[in-house]
Amino acid sequence: MGIEGVGARVARKEDKRFITGAGRYVDDMVVPGMKHAAFVRSPHAHAQIKKIDVKQAQGMPGVIGVLTGKELKADGIGNLICGWMIHSKDGSPMKMGAWSPLAFDKVRYVGDAVVVVVAETKSQARDAAEAVDITYKELKAVVDAPRALEKGAPQIHPEADNNLIFDWELGDGKATDAAIKAAAHVTRMKIVNNRLVPNAMEPRAALGHYDKAEDHYTCWTTSQNPHLARLVMSAFYNVAPENKLRVIAPDVGGGFGSKIYIYPEEIVCLWASKKTGVPVKWVADRTESFLTDAHGRDHVSTVEMGFDKNNVITGLKVDTIANLGAYMSLFSSCVPTYLYATLLSGQYNIPAIHANVRAVYTNTAPVDAYRGAGRPEATYLLERTMETAARELGVSPAELRRKNFITSFPHQTPVIMNYDAGDYAASLDAAMKASDYAGFAGRKAAAAKRGRLRGIGMSNYIEACGLAPSAAVGSLGAGVGLWESAEVRVNAVGTIEVLTGSHSHGQGHETTFAQLVNQRFGVPIDSVSIVHGDTDKVQMGMGTYGSRSGAVGMSAVAKALDKVEAKAKKIAAHLLEADEGDIVIDNGTLKVAGTDKSVPWFQMALAAYTAHNLPGGMEPGLKETAFYDPSNFTFPAGCYVCEVEIDPETGTTEIIQFVAADDFGNIINPMIVEGQVHGGIAQGIGQALLEGAFYDASGQLLTASYMDYTMPRASDLPSFKVSTSNTPCPGNPLGIKGCGEAGAIGSPPAVINAITDAIGITDIAMPASPSTVWAAIRATKR
Amino acid sequence: MSEVSLTVNGKRVSGVAEDRTLLVHFLRENLGLTGTHVGCDTSQCGACVVHVDGKAVKSCTMLAVQASGSTVLTIEGLANGADLHPVQAAFKEHHGLQCGFCTPGMIMAATDMINRHPEGLDEATVRVELEGNICRCTGYHNIVKAILAASVTMSKGAKGKAKQAA
């Protein structure tokens, strides 16, 4: 490892622009002639649109255009789609209801876009939006998923009877039922995974620019995957053919999944730009973000876990109702199915598993992948159940887990996944040591003397990331492949550009991808530029989500580097009159092994471009492309331990310590990996203690601002104790598993296990706010 | 419409703005200083923190006309030419940022916090004082570390200067 190579704690190259205020986000973009859009949104959760009167708005100062869904439809703009086909167990395809970018006949959730106003200034657009007069006929709304399935519930889409999108299963139902029936002990729980709002700090934004002379569109957008946005907008929404549509995702202020999807607003801005003849920019305010960004989680499940008389797990049966909101967002269907039920084996050897999942429409914001996506729900269900089982069986939670760990690899679970490598006991041991698990009883007693309730909780998560082998996901219903591309351009002076289909919105790719190049060629990272986020610059790529940039994106870079290295060695061998097999690259120099003959990297690069003296038949230049399609998912895993103290008078929970011991495979930059874990844990603690998206019965979002939705603040959190004990991933050339989501996946059950331990109860609802905790403590005293 | 005159990052500037224009929008749209960000509508997130007459202010809570006549420092004016301010340097060294969106507000709030605590800071104080700034990426762990480190650097710098003066 050099000072800038793989494994080094290199400070980030991209930081300079962010710490000096020179970052360039979509809202910072200015295009000559640019005007501003404001959306008129439904104030009702469920209503028919009777009449839209735009006359008064059209006459307001500065107004350039007031456009409706009927005009959009007349221009042939398509409906939004969900790109992952799920079939119900009866073989029928999922029931996808129509989602027009601008509603024209019916609205289905508060925030549904109906009209767009384009005006000279943002304020004028907003003023005019308020003057649009829409007559609605209100309909009964339903926000709760189990209720939406009841007979007589309001019917949201004509395509989906009783609001059921699909009724899907995975695993062997008969074998599982038999295992549960024969079990010596069965732990049964109802598990609710609360609805969350991702809340990237940068609100979503889009700037659409139609160039009439060129008949060409450009869209600047807050996207985690600009190429996918271009593909979908072209192939499905009929905005423009791909070659006439450029999508740019510049600096993006966090995503956490919510910026994967293609939303109505970017489609409408592009269309409105052509319609009005001016570039159109829209920036969400925070309440718009709360109302319309895809939400996360929202599962209601029952679980039965069977054990034999030796406390060995014999079977797991799960029934889940997943709330997908008012419309099926782009990847919504795969989250509660193939990203959820496939992880229900956890770190454990479970011979029989069956999961049944019903996905349901409600009059709420669409729900899709949010950091972890399905895996946090699986982990929460499993780790809450394990903890409860240990308490019921009267054994140590740690030892019950250890007894049931999978210990040999590869391991085929009963729910599709084939785990390739791991050492779950190593993470458990590391976390127990770091948390002084053994000394907890003493600390609990000391806390009791101070009148405080102390609890400890553990969570052993596994997740599947490095999304994903294209043929495998295709066979499961994905509409796209999940490979990644890379291009490595060595310039004539030896500096290097890496063009990647991955997208960085906080992950630090400009540094870590450069470290990979430094490791290979010894070129300083300052001489390596990472280019991403622009469909005109970078060939087709699939973007960043599912902790895939390292395992998949960097593997593509590694493949391209292989090709560059091979050609560079050929050129060097020719220049040095040596055999190419004898050439080694050492710290920026190509050498003939065992001799003092060498050629500097830049001189070899120059030779490639002067082409005066290349091996016979070799093409000039030094630029290579690679596409990498992974052979398997990757399986990061780890153990988290949370210790809390509760003030019984106020119900306030203080996190005394939080320990994470992760296995991420090989690590490029430990500083950046730790940062990912810190952020993930904060979001997980947020889910457990603070955050919840709440709708009232009429479908109004009660938590639509930072005054009402409790974001984790610095004073809510401790400093975290994080460590890794890594087993390299055998499935990709770099041995990387991925680290982006682990923190959010592993932490909520650790926190809730600690709180229930402290109070001495079986379950408590998330978020375990002070009032909820206080009420739970009171209930134990009745 | 009103005339707004300010000293921003050491330069006298003026412009005409609607009475309802917030300081943050005046900075971003009239002056092109886009380093100051808007992350919410309720003065909670702190992405818009700047210094007005030496004090940290959420520039979304102040009208541009209210600020007229004031001296404003934004993230763009914090470094001394090519030399980063110690808080900027500490955020980089300690990985106190990821997506960078909350960072300008965090750095401006942190600078003010350190200035208000010449006696030095501890972790608990930093966490409480960050109440008005939300970050979704870092879990605050490295932000707290960076602020504590910058506080030490700045107090050494202040002592150095005091020594020189004596």
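**View 1. An open sheet of three strands in chain A, from a predicted model.** Welcome to the first close-up of this predicted model. The strands follow one another in the order S4-S2-S6 in chain A, and their pairing is antiparallel. Strand S4 (106–107) and strand S6 (133–138) of chain A form the edges, since each pairs on one side only. Strand S2 (residues 47–53) of chain A is joined to S4(A) by two bridges, and these two strands run antiparallel. To find your way between them, look for Gln48(A), whose bridge partner in S4(A) is Lys106(A).

**View 2. Strand S1 of chain A and its surroundings.** How many of the seven residues of strand S1 (residues 35–41) of chain A are buried? The count is seven of the seven, so S1(A) is largely enclosed by the rest of the structure. Following the side chains, you will find Lys35(A), Ala37(A), Phe39(A) and Arg41(A) pointing one way from the strand, while His36(A), Ala38(A) and Val40(A) point the other way. Both sets are buried, the charged-looking names Lys35(A) and Arg41(A) included.

**View 3. The strands that pair with S1 of chain A.** Here the same strand is shown with two partners. With strand S5 (residues 113–119) of chain A, S1(A) pairs in the antiparallel sense over six bridges. Ala38(A) is a handy landmark on this side, standing opposite Val117(A) in S5(A). With strand S12 (residues 280–283) of chain A, S1(A) runs parallel, and two bridges join them. For this pair, look to His36(A), which stands opposite Lys281(A) in S12(A).

**View 4. The span that UniProt lists as a domain in chain A.** An unreviewed UniProt entry lists residues 20–140 of chain A as "domain: Aldehyde oxidase/xanthine dehydrogenase a/b hammerhead". In the model, the C-alpha atoms at the two ends of this span lie 51 Å apart. The span is 29% strand and 17% helix.

**View 5. Where chain A meets chain B.** In this close-up, 43 residues of chain A are in contact with 45 residues of chain B. Which elements give two or more residues to the side of chain A that touches chain B? They are helix H1 (15–19), helix H9 (286–292) and helix H18 (670–690) of chain A. H18(A) gives the most, with seven residues. By type, the residues on this side of chain A divide into 19 nonpolar, 16 polar and eight charged.

Conventions: Residues numbered from 1 in each chain as written. Chains lettered and ligands numbered in written order. Predicted model: local features only at pLDDT ≥ 70, side-chain atom pairs only at ≥ 80, totals over all residues. Contact = placed C-beta atoms within 7 Å. Helix = DSSP H or I, 4+ residues; strand = E, 2+ residues; numbered from the N terminus. UniProt positions renumbered as here; feature names shortened; annotations may be inferred. Pairing = 2+ DSSP bridges. Buried ≥ 20, exposed ≤ 12 C-beta atoms within 10 Å, placed from the backbone.
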